[in-house]
Amino acid sequence: MRDTGQRGVAYVTEQQELTGQVALVAGATRGAGRAMAVELGRAGALVYVTGRTTRERASEVGRPTETIEQTAELVTAAGGIGIAVPTDHLDPAQVKALTERIDREQGRLDVLVNSVWGGDRLLEFHTKLWDLDLENGLRMFRLGIDTHVITSHYALPLLIRRPGGLLVEVTDGTDTFNRTYRENLCFDLTKNAPHRIAFGLAAELKEYGGTAVSLTPGFLRSEEMLDHFGVTEETWRDAVAAEPHFAIAESPALIGRGVRALAADPDKERWSGQSLSSGQLAKEYDFTDTDGSRPDAFGYFEEVVFGGKDAGADDYR
């Protein structure tokens, strides 16, 4: 995989290096999940995309215009094959049926991305545990931890049939960044858990030649975040006046390209058990965001925001 060397244009590659491979992106309705599915498709993979929001029914997230059918169509348009399967990853029976379908139709699974979340609406930052809405806090555990464990339980037996399988645990914040308290105990626990899941499953997958990592985007310009600031992907810099740190924001494509690079790397096992970020992978595999920049959000936050370094976001792009 290589960068074209052109700035300000979309990243492309001359070959579809994942042709013949099968991926499952759990939680691919929008945001990072959608982008990872699309980039795997762009590399030629057949991608099963799952989530709860379909054209007939919206999930509790309440964003009915973003559906798994749309994601599947984007995967196919990018050059892969997208297959949408409505799935509630909290329901073991549905996840079991999903993996049995993949086995029946493809007989293999090469990449598993656990990107299920949907809990942003439950966040209460700067709130003590005893003042939190307990039901919302426990729901975060269900959405961000239980879903990942349930999905891996049923999908990993298919993944380990062939050496070289990749499991990606998507979270918010690297393990280093998350040593800073995330200002909500339930959120903090939920977003630290995928690091330990990846660490533990790396040990369990090792004898099968499998790789497990945790992966986080930086300051993500998701559809929901753009709506929050009242901007679009084309006008996102207009939000910097209200939130200066948004100047380091990245499009979902950056983490998508990171997963694609990992999946195509024959030496990916060297990363197993580690906490990775989209910016780190962009440097390692020499790719950029859609605008040609290479944002390093965690370097910016650690050195400038928390460390007091005299520098700006542009110095980390």
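## Core contacts and helix packing in a predicted model

Leaving out residues up to four places away in sequence, L40 touches L18, A23, V25, A45, V47, V111, V113, V259, R260 and A263. The model is a predicted one. L40 belongs to the largest nonpolar core, which has 37 residues. Together with V47, V49, V113, V168, L262 and L281, L40 is among the members that touch the most other members of this core. Helix α7 gives the most to the core, with six residues. A second core, separate from this one, has 20 residues, including V22, A155, L159 and A212. In general, nonpolar side chains in soluble globular proteins tend to be buried together.

**Strand β2**

Two residues of strand β2 can be followed in detail. L46 is placed in this strand, and L46 counts as buried because its relative accessibility is 13%, with the limit for buried at under 20%. Apart from residues up to four places away in sequence, L46 touches Q21, V22, A23, I81, I83 and Q106. One of these contacts, V22, is a member of the second core. The C-alpha atoms of L46 and G79 are 9.4 Å apart in space, while the two residues are 33 apart in sequence.

T50 also lies in β2. With a relative accessible area of 0%, T50 is buried. Setting aside neighbours within four places in sequence, T50 is in contact with L24, V25, A26, G27, A28, T29, I68, V85, T87, H89 and L98. Among these, I68 is one of the buried residues of helix α2.

**Helix α2 and its surroundings**

Which residues of helix α2 are buried? In this helix, which spans residues 68–78, they are I68, E69, T71, A72, V75 and A78. An α-helix has 3.6 residues a turn, so residues three or four places apart point the same way. The cover over the buried residues of α2 includes helix α1 (31–42) and the strands β2 (46–51) and β3 (81–86). Just after α2, G79 takes a positive phi of about 125 degrees.

Q70 is found in α2 as well, but Q70 counts as partly exposed, at 25% relative accessibility. Not counting residues up to four places away in sequence, Q70 touches R34, R55 and T65. Between Q70 and V49 the C-alpha distance is 9.9 Å, with a separation of 21 residues in sequence.

**Two helix pairs**

Two packed helices are described by the angle between their axes and the distance between the axes. The table gives both values for two pairs.

| Helix pair | Angle between axes | Distance between axes |
|---|---|---|
| α1 and α2 | roughly 30 degrees | within 7 Å |
| α7 and α8 | about 55 degrees | 9 Å |

The axes of α1 and α2 cross at roughly 30 degrees. Angles under 35 degrees count as roughly parallel, so α1 and α2 are roughly parallel to each other. The crossing of α1 past α2 is right-handed. On the α1 side the contact is made by R34, A37, V38, G41 and R42, and on the α2 side by Q70, T71, L74, V75 and A78. By class, this contact of α1 with α2 has five nonpolar, three polar and two charged residues.

Helix α7 (residues 253–264) packs against helix α8 (residues 278–285) at an angle of about 55 degrees. α7 and α8 are therefore oblique to each other. α7 passes α8 in a left-handed crossing. L254, I255, G258, A261 and L262 of α7 make the contact with S278, G279, L281, A282 and Y285 of α8. The residues of this contact divide into seven nonpolar, three polar and no charged. L262 and L281, which take part in this contact, are also among the residues that touch the most other members of the largest nonpolar core.

**Positive phi outside glycine**

Where does E183 lie? E183 is found in the loop between β5 (166–170) and α5 (185–205). Although E183 is not a glycine, it has a positive phi of about 65 degrees. At 33% relative accessibility, E183 counts as partly exposed.

D286 is another non-glycine residue with a positive phi, near 60 degrees. The loop that holds D286 runs between α8 and α9 (297–305). D286 is partly exposed, with a relative accessible area of 40%.

Key:
Residues are numbered from 1 along each chain as its sequence is written. This is a predicted model: local features need pLDDT of at least 70, side-chain atom pairs count only at pLDDT 80 or more; totals for chains, interfaces and linings use all residues. Side-chain values use heavy atoms; hydrogens and water are left out. Buried means under 20% relative accessible area, exposed over 50%, partly exposed in between (1.4 Å probe, protein chains only). Helices (H or I, at least four residues) and strands (E, at least two) are DSSP runs, numbered from the N terminus. Contact means heavy atoms within 4.5 Å. Axes are lines fitted to C-alpha atoms, for helices over the stretch in contact, and angles run from 0 to 180 degrees between N-to-C directions. Angles under 35 degrees count as roughly parallel, over 145 as roughly antiparallel, 65 to 115 as roughly perpendicular and the rest as oblique. A crossing is left-handed if the near helix is turned anticlockwise from the far one by less than a right angle, and right-handed if clockwise. Ala, Val, Leu, Ile, Met, Phe, Trp, Tyr, Cys and Pro count as nonpolar, Asp, Glu, Lys and Arg as charged, and the others, Gly among them, as polar. A nonpolar core is a set of buried Ala, Val, Leu, Ile, Met, Phe, Trp, Tyr and Cys residues joined through side-chain atoms within 4.5 Å.
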